[in-house]
Amino acid sequence: MPCLLQKLLTTVLLFIGFATQAYEIEDLGDGLHRFIDDRHRSVFLITPEGAIVTDPLNKKAATWLKEQIKTRYNVPVKYVIYSHNHSDHIYGAEVFKSPHTTFVAHKLAAQDIKNTQMKTVTPNLTFDNELLLTLGDSTVKLNYHGPNDGRGSVSVLFEKQKTLFVVDWIVIGRMPWQKLWSYDIQGMINSTQAVLKYDFDTFVGGHADIGNKADVARYLSYLELLYSQVTAGVLAGNTLDEIKQNVKLDQFSDFKQFDAWLPLNIEGVYERLMEESGMGWRSDL
């Protein structure tokens, strides 16, 4: 019996292990693909001259992806692009390290990676506001739009494929993360307004669903209404509990985690207004 129980336990553990590492690759067309690891996503581009990989996510995921790129497409990885500085997106990059691979990040993300001694590859190509990468007949445009999430978070536009990749500060089909930890709410609004001027048909986020430009515009509407309603409540002298009762955003109730995270989103905006905007110590409020 102990032997049988041990075998059953081993089988269960193996099943759990496989279930939690169910990686997927989705073809988006024109050489572009979406890579899925549980609740995290990245994209990669395959050309005859090599591959451009965005966020490696973690060592296990990056190891699996590297092997898939080799066996399915047999091209070298020329660029690895970091979307920003958060470890759950950019760890595992050492898997791709080689003499012919360039690691790319905004200068603020690179600065934070160095300052905090993150266990990933230090970028060897950085930029201030915009960077164009060309490989084969495809061009990838990276832009920094100011603060939005973390440090040095950028948009990545695959121009030929008309696909925009943004991590964390735009999420399709789901609410923003809980209390908006590390978010600059006004910066998210500014950055999203900026990318809506781009020519893209498909949106891929670092989490949640694929969407289109209309989905991004709807997400922006949520952010704007959330921000304006919480601000109005503070200006009216309402407490946080009163604001939570008064903010009505039911038109977005189809967003995943709406019921659970709306109060947290409200609290996150409230705290940023109190602290970053200084409304907590204004004499006129």
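Which residue takes a positive phi in the hairpin of E1 and E2? In this predicted model, the residue is aspartate 30, with phi near 55°, in a hairpin that has two residues between the strands. Aspartate 30 sits in the loop between E1 and E2, and its phi is positive although the residue is not a glycine. The strands on either side of this loop are E1, residues 24–29, and E2, residues 32–37; they run antiparallel and are joined by five bridges. One of the pairings sets glutamate 24 against isoleucine 36 in E2.

Leucine 180 is another residue other than glycine with a positive phi, here near 60°. Leucine 180 is placed in the loop between E11 and H5. Its relative accessibility is 0%, so leucine 180 counts as buried.

The next topic is the sheet that contains E11. Strands of a sheet pair through backbone hydrogen bonds, and the pairing can be parallel or antiparallel. Here five strands form an open sheet with mixed pairing, in the order E8-E9-E10-E11-E12. Strand E8 (130–135) and strand E12 (202–205) stand at the edges with a single partner strand each, so each has one side without a neighbour in the sheet. From one strand to the next, the twist averages 20°. E11 and E12 run parallel and are joined by four bridges. Threonine 163 stands opposite threonine 202, which belongs to E12.

The largest nonpolar core of the model has 42 residues, and Ile170, Tyr222 and Val230 are those with the most contacts inside this core. Two or more residues come from each of strand E11 (163–166), helix H5 (185–195), helix H6 (213–235), helix H7 (240–246) and helix H8 (258–275). H6 gives the largest share, nine residues. Isoleucine 170 shows which parts of the chain meet in this region: leaving aside residues up to four places away in sequence, isoleucine 170 touches Thr192, Val195, Phe203, Val216 and Tyr219. Another core lies apart from this one; it has 26 residues, including Ala51, Val77, Val80 and Ala109.

How do the helices H6 and H8 pack? Two packed helices are described by the angle between their axes and the distance between the axes. The axes of H6 and H8 come within 10 Å and cross at roughly 60°. This angle makes H6 oblique to H8. The crossing in which H6 passes H8 is right-handed. On the H6 side, the residues in contact are Tyr222, Leu226, Tyr227, Val230, Thr231 and Val234. On the H8 side, they meet Leu262, Asn265, Ile266, Val269, Tyr270, Leu273 and Met274. Tyr222 and Val230 thus appear in this contact and also among the residues with the most contacts inside the largest core.

Helix H6 also holds alanine 217. Is alanine 217 buried or partly exposed? Its relative accessibility is 31%, and alanine 217 therefore counts as partly exposed; the cut-off for buried is under 20%. Between alanine 217 and glutamine 68 there are 34 Å in space, C-alpha to C-alpha, and the two are 149 residues apart in sequence.

Note on methods
Residues are numbered from 1 along each chain as its sequence is written. This is a predicted model: local features need pLDDT of at least 70, side-chain atom pairs count only at pLDDT 80 or more; totals for chains, interfaces and linings use all residues. Side-chain values use heavy atoms; hydrogens and water are left out. A nonpolar core is a set of buried Ala, Val, Leu, Ile, Met, Phe, Trp, Tyr and Cys residues joined through side-chain atoms within 4.5 Å. Buried means under 20% relative accessible area, exposed over 50%, partly exposed in between (1.4 Å probe, protein chains only). Contact means heavy atoms within 4.5 Å. Two strands pair if DSSP finds at least two bridges between them. Axes are lines fitted to C-alpha atoms, for helices over the stretch in contact, and angles run from 0 to 180 degrees between N-to-C directions. Angles under 35 degrees count as roughly parallel, over 145 as roughly antiparallel, 65 to 115 as roughly perpendicular and the rest as oblique. A crossing is left-handed if the near helix is turned anticlockwise from the far one by less than a right angle, and right-handed if clockwise.
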